[in-house]
Amino acid sequence: MSKIIVLMGAPGAGKGTQARLIQERLGLPQISTGDMLRALAAEDIHTTQASGKLISDDVVIAMVRQRTASADCRNGYVLDGFPRTTAQAEMLEELAAAQGMPLTAILIDVPTEVLKERFAGRRICPVCGETYNTYFRPPHSDNLCDLHNVQLEQRADDRLDRVQVRLDTYEKQTAPLLDYYKRSGRLKIVDGTQAPEAIYAELERILTEEADCRRTA
Ligand code: AMP
């Protein structure tokens, strides 16, 4: 059955990793508003992204509306980083109704302290994009890419002051949406401190159970 999967969770919770796995293994396209915005040639948008604040609802909603109208979204899609505000969640309800697809929200739950460590340690190779973490996955030599022998870099919005803005923005504008999905019985929660494959196994189990329930309903 066609479906919309909404991956919820604070920045750094691992939504992107899981969305990519769902895309690869279940064939539902990943729609990452963060990636789409980064790919736009728009200096003002990149400045706002680097600050840790949100891009205006109008811009993001128009982008999602257009992307989800593509043929590859006919059987459903996985949203990563959307909705982030009440206005976006309302738009998504209308879209789901118009497309005739049920929506499942899944929270990848990670405590704030763990998130801060993940951000503080995240380093990226400017040549190949490989991601390291000084705490959890250090390179063989200090701050050098194992493959390219170049200095690793930190994403502008991963710096501690920016991370705090991103976490505050999440608490204020996005976390209230969890209640909204919970009240309508559409929120599932997975422990996001597990290894990526263990998280994925839980996601797949949730999605399979839901599909079985809908079939027998
Ligand atoms: P992400 O890659 O999901 O962590 O997003 C990085 C940045 O892109 C965010 O901090 C925002 O500035 C912007 N962004 C991504 N998705 C949205 C959204 N749904 N609404 C507003 N801004 C967004």
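Colleague: Leaving aside neighbours within four places in sequence, which residues is aspartate 157 in contact with?

Modeller: This is a predicted model, where local features need pLDDT of at least 70, side-chain atom pairs count only at pLDDT 80 or more, and totals for chains, interfaces and linings use all residues. Residues are numbered from 1 along each chain as its sequence is written, and side-chain values use heavy atoms, with hydrogens and water left out. Contact means heavy atoms within 4.5 Å. With those sequence neighbours set aside, aspartate 157 is in contact with Gln49, Ala50, Arg162, Val163 and Arg166.

Colleague: What is the relative accessibility of aspartate 157?

Modeller: Aspartate 157 lies in the loop between strand 6 (131-133) and helix 7 (160-174); helices (H or I, at least four residues) and strands (E, at least two) are DSSP runs, numbered from the N terminus. Buried means under 20% relative accessible area, exposed over 50%, and partly exposed in between, with a 1.4 Å probe and protein chains only. Aspartate 157 counts as buried because its relative accessibility is 9%.

Colleague: The side chain of aspartate 157 makes a polar contact with which residue?

Modeller: A polar contact is a pair of N or O atoms within 3.5 Å; within protein, one must be able to donate a hydrogen and the other to accept it, and residues adjacent in sequence count only if both atoms are side-chain atoms. At 2.8 Å, the side chain of aspartate 157 has such a contact with that of arginine 155.

Colleague: Which asparagines in that loop have a positive phi?

Modeller: Most residues other than glycine have a negative phi. Asparagine 143 is found in the loop between strand 6 and helix 7, and asparagine 149 has its place there too. Asparagine 143 counts as partly exposed at 21% relative accessibility, while asparagine 149 counts as exposed at 58%. Phi is near 55° in asparagine 143 and likewise near 55° in asparagine 149.

Colleague: Where is the cis peptide bond that involves proline 83?

Modeller: Most peptide bonds are trans. Proline 83 lies in the loop between strand 3 and helix 5 (86-99). With omega about 0°, the cis bond joins proline 83 and phenylalanine 82.

Colleague: Which strand pairs with strand 1 and places tyrosine 77 opposite isoleucine 4?

Modeller: Two strands pair if DSSP finds at least two bridges between them. Strand 1 (residues 3-8) has six of its six residues buried, with Lys3, Ile5 and Leu7 on one side and Ile4, Val6 and Met8 on the other. Five bridges join strand 1 to strand 4 (residues 103-109), in parallel, and there leucine 7 stands opposite isoleucine 106. Strand 1 also pairs in the parallel sense, over five bridges, with residues 76-80, and isoleucine 4 stands opposite tyrosine 77 in strand 3.

Colleague: Why is strand 3 largely enclosed by the rest of the structure?

Modeller: Gly76, Val78 and Asp80 point one way from strand 3, and Tyr77 and Leu79 point the other way. Strand 2 (residues 30-32) runs parallel to strand 3 and is joined to it by three bridges, with glutamine 30 opposite valine 78. Strand 3 is largely enclosed because the residues buried are five of the five.

Colleague: Valine 110 or proline 111: which counts as buried?

Modeller: Valine 110 has its place in the loop between strand 4 and helix 6, and so does proline 111. Proline 111 counts as partly exposed because its relative accessibility is 44%. At 9% relative accessible area, the buried one is valine 110.

Colleague: How many disulfides does the structure hold?

Modeller: A disulfide is a pair of cysteine sulfur atoms within 2.5 Å. The sulfur of cysteine 128 is too far for a bond because the closest cysteine sulfur, in cysteine 125, is 3.6 Å away. The number of disulfides in the structure is zero.

Colleague: How many aromatic pairs are found in the whole structure?

Modeller: Rings of Phe, Tyr and Trp (its six-membered ring) pair if their centres lie within 6.5 Å; planes under 30 degrees apart count as stacked, over 60 as edge-to-face and the rest as tilted. The number found in a search of the whole structure is two. One of the pairs is tilted, at 6.2 Å centre to centre and 50° between the planes: tyrosine 135 and phenylalanine 136. The count again is two.
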